[in-house]
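Work through the exercises below with the model open beside you. Try each task before reading its solution.

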2 protein chains.
Amino acid sequence: MVYKGILTLFLLVVLNRAAAQGLTWQQVAPGVWKGVAGQPEAYNLLKAAGSAPSIAALQKMGDQPFPFPQVAVSATVSDGKTNLRFPLQKEEQVFGLGLNFQTVHQRGKILQLHVDHYGGKDNGRTHAPVPFYVSSAGYGVLINAARYLTVYIGTGVRKDSHNPPVEKDRNTDKSWSARPYSDAVEIQVPAAGTEVYVFAGPTPLDAIRRYNLFNGGGALPPRWGLGFTQRVRSLFTADEVAAEADSFRLKGYPLDFIGLEPGWQSRAYPGTFEWDKKRYPDPAGFVKKMLGKDIRLNLWMNPYISKQASFYKQITPYTGSHTVWTGEVPDFTLPEARRIFFGQMKKDQVDIGVSGYKIDEVDGYDYYLWPDVATFPSGLSAEQMRQTYGVLAMRYSLELFAKKNERTYGLVRASNAGANSYPYVLYDDYYNHEDFITALINSGYIGVLWTPEVRASKTSEEWIRRFQTVIFSPMAMINAWSSGTKPWSYADVAVPIKELALLRMRMMPYWYSEFAKYHFEGTPVFRGMSLEPGFESTATGSVKANLEENPYLEAVSKEVKDQYMAGEYLLVAPLFAGQQNRKVILPKGNWYDFYTGAYAGNGEVITATPGIEKIPVYVKDGAIIPMMAPMLHAPKKGEQVDLEIRVYGTKPGSYKLYDDDGVTMDYEKGRFDWRTVTVAKEANGQLKGMVEAPHNKAVQSYNKITFRFMTDNK
Amino acid sequence: MVYKGILTLFLLVVLNRAAAQGLTWQQVAPGVWKGVAGQPEAYNLLKAAGSAPSIAALQKMGDQPFPFPQVAVSATVSDGKTNLRFPLQKEEQVFGLGLNFQTVHQRGKILQLHVDHYGGKDNGRTHAPVPFYVSSAGYGVLINAARYLTVYIGTGVRKDSHNPPVEKDRNTDKSWSARPYSDAVEIQVPAAGTEVYVFAGPTPLDAIRRYNLFNGGGALPPRWGLGFTQRVRSLFTADEVAAEADSFRLKGYPLDFIGLEPGWQSRAYPGTFEWDKKRYPDPAGFVKKMLGKDIRLNLWMNPYISKQASFYKQITPYTGSHTVWTGEVPDFTLPEARRIFFGQMKKDQVDIGVSGYKIDEVDGYDYYLWPDVATFPSGLSAEQMRQTYGVLAMRYSLELFAKKNERTYGLVRASNAGANSYPYVLYDDYYNHEDFITALINSGYIGVLWTPEVRASKTSEEWIRRFQTVIFSPMAMINAWSSGTKPWSYADVAVPIKELALLRMRMMPYWYSEFAKYHFEGTPVFRGMSLEPGFESTATGSVKANLEENPYLEAVSKEVKDQYMAGEYLLVAPLFAGQQNRKVILPKGNWYDFYTGAYAGNGEVITATPGIEKIPVYVKDGAIIPMMAPMLHAPKKGEQVDLEIRVYGTKPGSYKLYDDDGVTMDYEKGRFDWRTVTVAKEANGQLKGMVEAPHNKAVQSYNKITFRFMTDNK
């Protein structure tokens, strides 16, 4: 009778269970393994991104054992899908899995990783649904599939689990839980095979470093990219843009690049990708004039092509089946589509000196973008295109600048795994300050950059609180395309806003060195507290006792999503509008106030009451922070500045100070310098600073160097 | 160069574009066609449900032409998925596509039809994500695939569209729309083929009738199912249940069945499916005693099996890979799993006289249910199981009662296409009164039943307003498992509540006849206004002018989701807590007040101010409504009651009065009667009523019949 039942469904079984089991593993770099399940697709995330691994840097990190038993990983191909299973220990916490906005801890969640705008819930739909996670146990996992992946992070419970949860009677047992313990991360890849990468630690930060280095290292912006940017109103004319730049200079606010919004184009939504001749009668002259003011230009675009575009007839054979806002969607996997599309941008914009793009609306949302039923002339599916379109747009726009041996630093609304080295920063229309900080924290786990941009605010308090976090982020942007707000628009905070803006500029040597470490060593500049050695949150005993029962609950209770590390030494603890003070969790070790150098605490929770003008920032003992004089523009190629190197605390230490020409791609050919700054204790107990001489006279941006010891060492 | 580019991706093309095009059509019943695209899967929604078409009733409806050009439908198999495209005219509105809670008009939406609890947004995840839509143009479409379907209802725009939207420049044209016009419904079926059914009209209601009849007709509950039900507190004992029943009788409130919650089982979440011996020491005696009080019992269950269940070891070879709340998940597609599981329910419960089940938590949500990576011993995928599990649980539980020649009437949290004839009513933990009414309206478009159950309320006003809609719904349920609320708990409305409860009982002959029409003719008892002849909403001129631009906007503006039809003649317009009055849109034709018979209006918007005790109900001109004396229990088999037939308005008319034994399945063998009630105008202008004699002496529930002319005809 049993077999008769099974026989009835024999056909289904045959169709659905032609399953491969297990993965084959191969080491592809020190501490990096590739696993193959089933028949992986030819197109995947890393292929779309096309980044080359930084093998030398990975070799420098050295080897490590595979971080868990390989047999504990399983893969089953069934129903045309690949189901992956990775082990999860009771104590483990999981970070990453996309640019989440409200949560840092991912254990206990189910995410469908899907490129989209952020819809208000951490459900996997986000601008960068990177299928990479890092475990608190010190390893990382990447699923290299350009598909909508469903990830169960310690939720599903197999009946054959080796660590099953205890069965309880809900009728009578108050300790019953609706979410019993699960010992696995399970992932469904809707394809009959996939590649998987595992990155060893030993620490979680090491795993992230390996992940970034395997994808070419993190992005290294040009120096000007770390200065200020203002996006001007949509229909601004050339003269209005020039006047905007002048007003910044006259008022003494720094500005490095201006973003032009849709009105620079003759038509938009869909676009022609050519200048509007009324608002911009002489584009080349305009761009040249702006460069003369030390202001670079970033142009808004989305890649949806108007029938009025000069190249429309050429490109339409290489566009998808469906339109976006009636515009056609170029298939960027086809060289011919790229030649036509980016050729227009080169000729019309990059060749005359435009410095970058804001690539908008390559993410979603569903009601605007092509549907999943769309087809593309390359044969790629709508799903594969959706998961990688932002990556493709970044990749091929970068070539425009690379061919001129220029760096760029732009904005993009969609990214994914593999784009780690692309100098593009993610943003969103969403505008919750707290969530923007959580996103900044999450960006550091997944190899992307995020800007908590400031647009306008209900109050001057909100304005300055947002501004304070903008200057401690990858891109210091005021996005005023709609509001027209200027840094000085809120008169009562205009002076401290200027101080904050100039602080961003003064810290440029630090930011630039830290981004160089992101690029060459894989260490994210902005990152979550869980990656900081000595960081332990303040779990209470009662929660701890519940760990056996409900690890996800325990995990959530420890989530820290409102303070973050900025570079090697700084802990940033923003205040949000309405707050007079806040708790700050200081990791173990001595920490000092950034502004005064005074001792702040050690492995404890302190209360910060910074007043309206300051954002609480704490500095690690032994910190060495190179700063320069405040300038209105980033140093140009060949321009030399003096450094004041701040030293915090009482410990000796050393710092690697990076230098290159700041604008070209020559650093990829070795034309850069690392100078070691050393702070040592002298016989009298005093600290003394020393700086290595430049190794490369050709890239010497730093002139006179002085030390400032911030902490009283008596 | 072009070909070189395409050549690069040749492999992708070959893998992804092995596509079939078009469908093959076959007429399968009068006005019903089956279309086949690609290679449909062996398992689908209708196979899971196993319903046989009511061919004779369909033949009676007669033939109709295919409702649109067959060539206008296309199917493309690509990337392992089937992409369907159906035409959509500018004027068309689309209804159905799942048990939506907040919207009735579906044009302009994107839904991923996925069995789930309702999460607060009409996004396709719902208890009954039925992939059936009915067009205002008078036809229906069903996608017969047990998969997560993505449906684009007039959203995607193909570049080769024959009716493309006009391109506009967003920079300068204020009439630019973010959602341009689309001329198609597009559906992605994640399988390499699918069956599709098209149902002709000529009216939208006819299309729904065909859809229901093709799936065996609508559900016909036993008479007792249309009486009152109370669900008692979770840990009630046998004595407490008996006392609850007695309190209803003593206070004069009707009650036909009581629902027992998890505590009837010895363990729950996961369950043992056997009585708890402490709370229910003598189950057989208890059930018998309750039946002696004319109270039937409905037992809560979810099908997740405890290791403590007596049949655990037998059934575990036939359960899925993953557990739900540590309980194992029987694979109901396997006969052996069914034999063991339902065998336990038969032996332990149905054989001793239990009358029905509440099948809980077969819907979701994701954090509780098996993940999509789960596998089942039959080889069915987790997705297929998820989309049909509620249907399977209903189908095979029904067999327990059918074998005893008994009807049941139960509750279920998940359904889908094909279960149209199953006497199970959907419910949800969600508790928004307005949205419950919208769900009731939507249930009528998709062949399912829904109860706007009342649980507890913040105020007596809310309590009575909710109660008023419960009595005009498929199941008059108070769900007090958590609150313990009784109908008389809100003292200030206890008397009108009793009147309302008794009104439900008095209307039973009407409800029963209307449900018979649902079963034998396919006409849903509770349904949206768009299906009512003469109904036109009050679109304003300005919106109308916008139709060319933005049909979805125009559609939404016309959405009526707070009034509905109940049976052939009644228009129910509920008030919600806080409302003193409301607008009611009366279709064309004369309408009369249900309570007084007074003229109410004709094709106009009126304002109802019913006071707290009444729910506005309007009756169509010529209505003939059979009612009986108020009783505390539904008439039993063989019990005869007197009828008072109410006549409304001034028009002659006729009504089909249904009768059968009320409890057995004998109606399926023809043991029922339809008696025609005729109201004719006599020579003096007065209306006079006549009733056909019974055709079948064996099923004669109605004794003395009198007429009451509600409207003054002078």
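**Exercise 1. Check the length of helix α6 (residues 238-251) of chain B against its expected span.**

Solution. Helices (H or I, at least four residues) and strands (E, at least two) are DSSP runs, numbered from the N terminus. The expected span is 1.5 Å times one less than the number of residues. Helix α6(B) has 14 residues, so it should span 20 Å. Its end C-alpha atoms are 20 Å apart, which agrees. Next comes Gly252(B), which follows α6(B) with a positive phi near 85 degrees.

This is a predicted model: local features need pLDDT of at least 70, side-chain atom pairs count only at pLDDT 80 or more, and totals for chains, interfaces and linings use all residues. Residues are numbered from 1 along each chain as its sequence is written, chains are lettered from A and ligands numbered from 1 in the order in which they are written, and side-chain values use heavy atoms, with hydrogens and water left out.

**Exercise 2. List buried residues of α6(B) and say what covers them.**

Solution. Buried means under 20% relative accessible area, exposed over 50%, partly exposed in between (1.4 Å probe, protein chains only). The buried residues include Ala238(B), Val241(B), Ala242(B) and Ala245(B). Glu244(B), Asp246(B) and Ser247(B) are buried too. The cover includes strands β14 (228-231), β15 (257-260) and β16 (296-301) of chain B. Helix α7 (283-292) of chain B also takes part in it.

**Exercise 3. Place strand β9 (residues 139-144) of chain B among its pairing partners.**

Solution. Start with burial: six of the six residues of β9(B) are buried. Tyr139(B), Val141(B) and Ile143(B) point one way, while Gly140(B), Leu142(B) and Asn144(B) point the other. Now the pairing, for which DSSP must find at least two bridges between two strands. Strand β8 (residues 132-135) of chain B pairs with β9(B) in the antiparallel sense over four bridges. Here Ser135(B) has Tyr139(B) as its bridge partner. The hairpin has three residues between the strands, and Gly138(B) takes a positive phi near 95 degrees. Strand β13 (residues 193-200) of chain B also runs antiparallel to β9(B), joined by six bridges. Leu142(B) stands opposite Tyr197(B) there.

**Exercise 4. Which residues have the most contacts inside the largest nonpolar core?**

Solution. A nonpolar core is a set of buried Ala, Val, Leu, Ile, Met, Phe, Trp, Tyr and Cys residues joined through side-chain atoms within 4.5 Å. The largest has 188 residues, and Leu260(A), Trp370(A) and Phe472(A) have the most contacts inside it. Helix α10 (residues 382-402) of chain A gives the largest share, eleven residues. Contact means heavy atoms within 4.5 Å. Beyond four places in sequence, the contacts of Leu260(A) include Val241(A), Trp275(A), Phe286(A) and Leu299(A).

**Exercise 5. Is Thr664(B) buried or exposed?**

Solution. Locate Thr664(B) in the loop between β34 (653-660) and β35 (672-681) of chain B. Its relative accessibility is 7%, so Thr664(B) counts as buried. Glu406(B) is 258 residues away along the chain, yet the two C-alpha atoms are separated by 4.5 Å. Thr664(B) also contacts Asn405(B), Arg407(B) and Lys637(B).

**Exercise 6. What rotation superposes chain B on chain A?**

Solution. Superpose by least squares on the C-alpha atoms of residues with pLDDT of at least 70 in both copies. The rotation is 180 degrees, with 0.0 Å of shift along its axis and an RMSD of 0.1 Å. That is the relation of a two-fold axis. In chain B, Gly80(B) comes closest to the axis, at 4.0 Å (C-alpha).
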